[in-house]
Amino acid sequence: MTKTLDLITIGRAGVDLYGAQIGGRLEDMGSFEKYIGGSPTNMACGTARLGLRSGLITRVGDEHMGRFIREELVRHGVDTRGVATDPERLTALVILGIRDEERFPLIFYRENCADMALSEEDIDEGLIASARSVVATGTHLSHPRTEAAVLKALELAKTHGARTALDIDYRPNLWGVAGHGEGESRFVESETVTAKLQSTLHLFDLIVGTEEEFHIAGGSTDTLEALRAVRAVSNAVLVCKRGPLGAVAFEGAIPESLDDGQTGPGFPIEVFNVLGAGDGFMSGLLKGWLDGEAWPRTLEYANACGALAVSRHGCTPAYPSLAELEFFLARGVIRPDLRNDAELEQVHWSTNRQGDWSAMRVFAFDHRKQLEEMEGYTPAKGAAFKQLCLRAALEVQDGQGGYGILCDNRIGRSALHAASGTGLWIGRPVEWPGSRPLTFEPEIGPDCGGLAEWARENVVKVLCFCHPEDDAAVWDAQLSELRKLFASARRNRLEVLLEVIPSKVGPVDDDTTAAIINRIYAEGLYPDWWKLEPLRTRAAWQRAIAAIEAHDRHTRGIVVLGLDAPEAELAAAFEVAAGFELVKGFAVGRTIFGQAARDWLAGRIDDDAAVERMAGNYARLCGIWDAARAGARKDAA
């Protein structure tokens with residue numbers, strides 16, 4: 001059959017709770033960052049980021065953490081057909097910390113967890129047959145039930161012509177040879193573990209481990225002797241990781257020195273966090289192995305991915321995209337503390353964003369001042385009306401992709417919270433309405449620390465009234481606020497949509513918006529999204545887009561704002577904007593809700609009539625944009 005997957009990993013899946021404070025004991029951690037975790041899960045995501053078609057076989061609990069793992073896998077593009085939901089057991093948790101360069105305390109909460117209930121019944125022959133390779137890890141050889149599942153998967157892999165790989169991944173306390181408080185331990189001698197591993201090593205085409213992991217697999221603390229013991233029972237290619245010395249591959253007999261194996265270039269970088277680095281290394285190794293690269297090149301991929309992983313917080317979030325890996329290999333190490341390399345981190349951030357927002361039809365009802373000035377407005381009525389706006393948006397969305405809203409938290413809090421999890425793109429404003437120079441809503445805080453409370457699916461939307469001819473004092477004031485906001489957004493892993501409206505400040509021509517864009521990038525600020533007023537000519541669009549692409553080839557794109565324009569005027573603007581692929585759609589508000597808001601607040605129409613009218617306006621505008629885009633693409637073809 002056609003191989004639709006490059007690899008399937010099998011084994012652990014859990015949630016990592018990483019201490020956010022660096023340099024302290026786990027006892028002293030005050031907050032934690034939540035990431036997807038477990039070596040097979042990390043590798044499935046890491047290889048997917050590198051462009052491989054990856055799948056995972058595991059179990060998760062029927063609860064919030066299990067759903068989080070599923071959703072993260074989907075966001076990474078990992079095939080989840082092999083992910084079973086266990087109705088009786090909880091998803092595994094791991095609590096981790098970064099004490100210093102050598103100490104990384106961690107506690108595994110895996111007692112009777114979901115992934116350790118994996119059984120032979122969870123191994124689907126059709127899924128295994130669809131893969132070019134199956135990758136196992138050592139932990140799931142530690143229990144008879146999970147071992148049986150792994151062995152069945154390996155047997156089916158051989159039957160269907162798939163290659164097999166083992167990451168030894170030795171965790172002594174998961175084998176029951178170290179205590180709960182020794183999660184950091186990487187090696188404890190055990191004849192039982194050695195015997196169990198050696199009974200399976202002949203099943204693999206590739207075996208990967210650290211020197212300590214080969215010690216347990218080979219039953220000797222002499223690395224060469226251990227490698228020879230593994231070679232005695234397996235013809236696999238053996239890849240031994242040597243920490244800062246890189247890694248070495250052995251295709252045949254083990255030589256007299258580790259230095260005599262095949263190696264790839266290493267990278268002199270600062271070690272920040274070794275947790276999960278091996279899974280990053282393995283992701284790069286699998287990329288080269290499955291692409292048929294020579295071992296020196298394959299090891300270069302692996303070493304680079306490992307270097308990037310040890311430089312960042314977290315496991316899966318630290319792994320590179322293919323574009324980032326290629327950038328890193330081409331440019332090299334500029335500074336050893338990679339996480340502080342601004343250019344590299346921007347590539348990492350911008351090429352690992354998730355979600356398909358190639359089409360953007362956004363109903364913007366984040367307006368505050370405009371509603372507050374309407375007849376009949378009260379805070380309670382404003383909140384209720386914004387819930388009606390959300391109803392209209394969801395009616396038009398109807399479960400489809402490519403739809404979104406802009407909603408504030410001051411008046412629209414109930415609608416904003418209700419939108420979470422609906423599949424809508426959700427933008428949330430931070431600026432105080434009409435402010436110039438820019439100031440923020442009080443909840444954002446003087447240092448923009450309020451963003452720490454935001455849901456991760458919210459996008460920071462900031463409107464800045466600015467013009468190239470503003471005096472230096474105005475620019476300095478506005479840029480100072482933007483710098484704080486962008487830094488806080490990135491720290492909290494939130495995307496930013498920057499809206500600029502120069503026409504409200506001064507005269508505009510074909511160069512005005514492009515000049516603002518260049519000024520923003522000159523400050524080292526990289527919006528994920530741009531929201532621009534309808535530009536009057538193709539030349540203005542061409543210059544604005546050229547300015548963006550000159551600085552950022554990975555921006556999410558542009559949405560066109562409405563400024564309460566009549567529908568016919570917006571249709572004409574869409575005709576021009578839709579001819580540029582970087583323009584993904586629109587974010588329009590008062591054209592959709594304006595009259596409905598005035599009539600509803602004044603009591604002239606009821607809830608259902610307001611929703612019907614807004615949904616009709618929104619759907620019609622979506623149709624106008626879609627037709628403009630289709631026409632532009634037809635003309636281009």
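The exercises below, each with a worked solution, concern a predicted model of a protein.

**Exercise 1. Overall form**

Decide how compact the protein is for its length, given its radius of gyration.

Begin with the inventory of secondary structure, which comprises 20 helices and 21 strands. The radius of gyration is 27 Å, close to the 26 Å that the globule rule gives for 637 residues, so the protein is as compact as a globular protein of that length. Along the principal axes, the C-alpha atoms fill a box of roughly 85 × 55 × 50 Å. Turning to burial, 58% of the 637 residues count as buried. Finally, among contacts with a separation of 6 or more, 74% are between residues 24 or more positions apart.

**Exercise 2. The surroundings of strand β15**

Work out which strands pair with β15, and in what sense they run.

Take strand β14 (residues 360-364) to start with: four bridges join it to β15, and the two run parallel. Within this pairing, Ala364 has Leu406 as its bridge partner. On to strand β16 (residues 425-429), which pairs with β15 in the parallel sense over three bridges; here the partner of Leu406 is Gly427. The chain passes from β15 to β16 by way of helix α14 (residues 413-419), and this β-α-β crossover is right-handed.

The side chains of β15 can then be sorted by direction. In a regular strand the side chains alternate between the two faces of the sheet. In β15 (residues 403-406), Tyr403 and Ile405 point one way, whereas Gly404 and Leu406 point the other way, and all are buried.

**Exercise 3. Helix α20**

Compare the span of helix α20 with the expected value, and establish what its buried residues pack against.

The helix covers residues 607-636, and the distance from its first C-alpha to its last is 43 Å, close to the 44 Å expected for its 30 residues at 1.5 Å a residue. At its N-terminal end, Asp606 acts as the cap, with a side-chain oxygen 3.3 Å from the backbone nitrogen of Asp608. The buried residues include Val611, Met614, Tyr618, Leu621, Trp625 and Ala632. An α-helix has 3.6 residues a turn, so residues three or four places apart point the same way. The elements that the buried residues of α20 pack against are β14, α13 (379-397), β15, α18 (567-577), β21 (583-588) and α19 (590-601).

**Exercise 4. Glu213 in its setting**

Determine whether Glu213 is buried or exposed, and which residues it touches.

Glu213 sits in helix α6 (residues 211-218). Its relative accessible area is 8%, and because buried means under 20%, the residue counts as buried. Leaving out residues up to four places away in sequence, Glu213 touches Asp167, Ile168, Asp169, Tyr170 and Lys241. Its side chain also reaches the backbone nitrogen of Thr210, at 2.8 Å.

**Exercise 5. Backbone features in loops**

Examine Pro437, Cys448 and Leu563 for their backbone geometry and, for the latter two, their burial.

Pro437 lies in the loop between β16 and β17 (458-464), and the peptide bond joining Arg436 to Pro437 is cis, with omega about 0 degrees. Cys448 is also placed in the loop between β16 and β17; although not a glycine, Cys448 has a positive phi of about 65 degrees, and it is buried, with a relative accessible area of 0%. Leu563, in the loop between β20 (557-561) and α18, is likewise not a glycine and has a positive phi of about 55 degrees, but Leu563 is partly exposed, with a relative accessible area of 33%.

Definitions and conventions
Residues are numbered from 1 along each chain as its sequence is written. This is a predicted model: local features need pLDDT of at least 70, side-chain atom pairs count only at pLDDT 80 or more; totals for chains, interfaces and linings use all residues. Side-chain values use heavy atoms; hydrogens and water are left out. Buried means under 20% relative accessible area, exposed over 50%, partly exposed in between (1.4 Å probe, protein chains only). Two strands pair if DSSP finds at least two bridges between them. A crossover is right-handed if, with the strands pointing away from the viewer, the path from the first strand over the helix to the second runs clockwise. The expected span of a helix is 1.5 Å times one less than its number of residues. Contact means heavy atoms within 4.5 Å. A polar contact is a pair of N or O atoms within 3.5 Å; within protein, one must be able to donate a hydrogen and the other to accept it, and residues adjacent in sequence count only if both atoms are side-chain atoms. The radius of gyration is taken over C-alpha atoms; the globule rule is 2.2 Å times the number of residues to the power 0.38.
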